[in-house]
Amino acid sequence: MARDRKPPRHRSRLIAASVAALALGGTALAEIPAAAAGKPRGHDVSSHQKNVNWQNSKAKGARFVYVKATESHTYRNPYFNQQYNGSRNVGLVRGAYHFALPNKSSGRAQARHFVRNGGGWTPDGWTLPPALDIEYNPYGKHKCYGLSKAKMVGWIQSFSNEVKRLTGRRPVIYTTAHWWNTCTGASRAFAADHALWTARYDSATAGALPAGWQFWTIWQYDNGSGSLPGDQNLFNGSMTQLRKFARGH
């Protein structure tokens, strides 16, 4: 997903490599995959998109959106209110996501910062569950943030437990099969009770999933070249099922 802060110039090659790994060899698409027929389209945004024209987004086919709320334990998206409330005002189902930096503070601390700054949830049918964006480190050479596989699993569990305690929902986990299997050691500890938001920029399918998951709930199929602001996503179901997912059913 898009980052809100610019990394140092000397790390630009590392970022390019991380993006390539995230895509897993796929090519970013401007077109909707053929497998999308009948599935609600959505997108995700951060401060890079600034003040979004939500009426235009809906007119182009958006039915849901995830808005970046926070990063680490100090950052909050300055455009969050316009994006989160504006999308709801035009009738989009929307939710908030947190960009994890596990080397900066505990999962519990980052979950608390997230929920205090937009990462809440209510079973109103319009609010998607909070989401954890966990992927390759865009700010340094340690792609797994310097954590062992066991400590990474523990960090994610700590974040999840605190989000569940504060909101009543387990977070959606946004990741890729490559990162997950590399940095958690292919942990199967989360698939049973965490919805998967997978990223793969491929024209045909979402591809291999992270260890444990048998299906994806959201697929990010394009990283910024589609018709909607930000990254392009699909929900794996009908609009009725999307509303049920938002309500917690």
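Visitor: In which sense do E2 and E4 pair?
Guide: This is a predicted model: local features need pLDDT of at least 70, side-chain atom pairs count only at pLDDT 80 or more, and totals for chains, interfaces and linings use all residues. Residues are numbered from 1 along each chain as its sequence is written, and side-chain values use heavy atoms, leaving out hydrogens and water. Strands (E, at least two residues) and helices (H or I, at least four) are DSSP runs, numbered from the N terminus. Two strands pair if DSSP finds at least two bridges between them; E2 and E4 have seven bridges, and their sense is parallel.

Visitor: Which residue of E4 stands opposite Lys68?
Guide: E4 covers residues 93–99. Opposite Lys68, the residue in E4 is Tyr97.

Visitor: What is the bridge partner of Phe99 in E5?
Guide: E4 also pairs with E5, in the parallel sense, over three bridges. Within E5, Phe99 has as its bridge partner Asp133.

Visitor: How many residues of E4 are buried?
Guide: Buried means under 20% relative accessible area, exposed over 50%, and partly exposed in between (1.4 Å probe, protein chains only). Both faces of E4 are covered: Val93, Gly95, Tyr97 and Phe99 lie on one side, with Arg94, Ala96 and His98 on the other. The buried count for E4 is seven of seven.

Visitor: Which handedness has the β-α-β unit of E4, H4 and E5?
Guide: View the crossover with the strands pointing away from you: a clockwise path from the first strand over the helix to the second counts as right-handed. The unit made by E4, H4 and E5 is right-handed.

Visitor: Which residues are buried in helix H4?
Guide: H4 spans residues 107–116. Its buried residues are covered by elements that include E2, E3, E4, E5 and H5. Just after H4, Gly118 takes a positive phi of about 120 degrees. The buried residues of H4 are Gly107, Gln110, Ala111, His113, Phe114 and Val115.

Visitor: With which residues is Glu162 in contact, leaving aside its neighbours within four places in sequence?
Guide: Glu162 sits in helix H5. Glu162 is buried, at 5% relative accessible area. Contact means heavy atoms within 4.5 Å. Those neighbours aside, Glu162 is in contact with Arg108, Ala111 and Arg112.

Visitor: Which element gives the most to the largest nonpolar core?
Guide: A nonpolar core is a set of buried Ala, Val, Leu, Ile, Met, Phe, Trp, Tyr and Cys residues joined through side-chain atoms within 4.5 Å. The largest has 47 residues, and Ile134, Trp155, Ile156, Trp179, Trp180 and Trp213 have the most contacts inside it. Two or more residues come from each of E2, H3, E4, H4, H5, H6 and E8. With six residues, the element that gives the most is H5.

Visitor: How many residues has the other core?
Guide: This core lies apart from the largest one. Ala131, Ala195, Ala199 and Leu242 are among its members, and its residues number 18.

Visitor: How many residues apart in sequence are the parts that Cys144 and Cys183 tie together?
Guide: A disulfide is a pair of cysteine sulfur atoms within 2.5 Å, and a search of the whole structure finds one. The sulfur atoms of Cys144 and Cys183 are 1.9 Å apart, and their link is left-handed, with -75 degrees about the S-S bond. Cys144 lies in the loop between E5 and H5 and Cys183 in H6, so the parts tied together are apart in sequence by 39 residues.

Visitor: What is the relative accessible area of Cys183?
Guide: Its partner Cys144 is buried, at 12%. Cys183 is also buried, with a relative accessible area of 1%.
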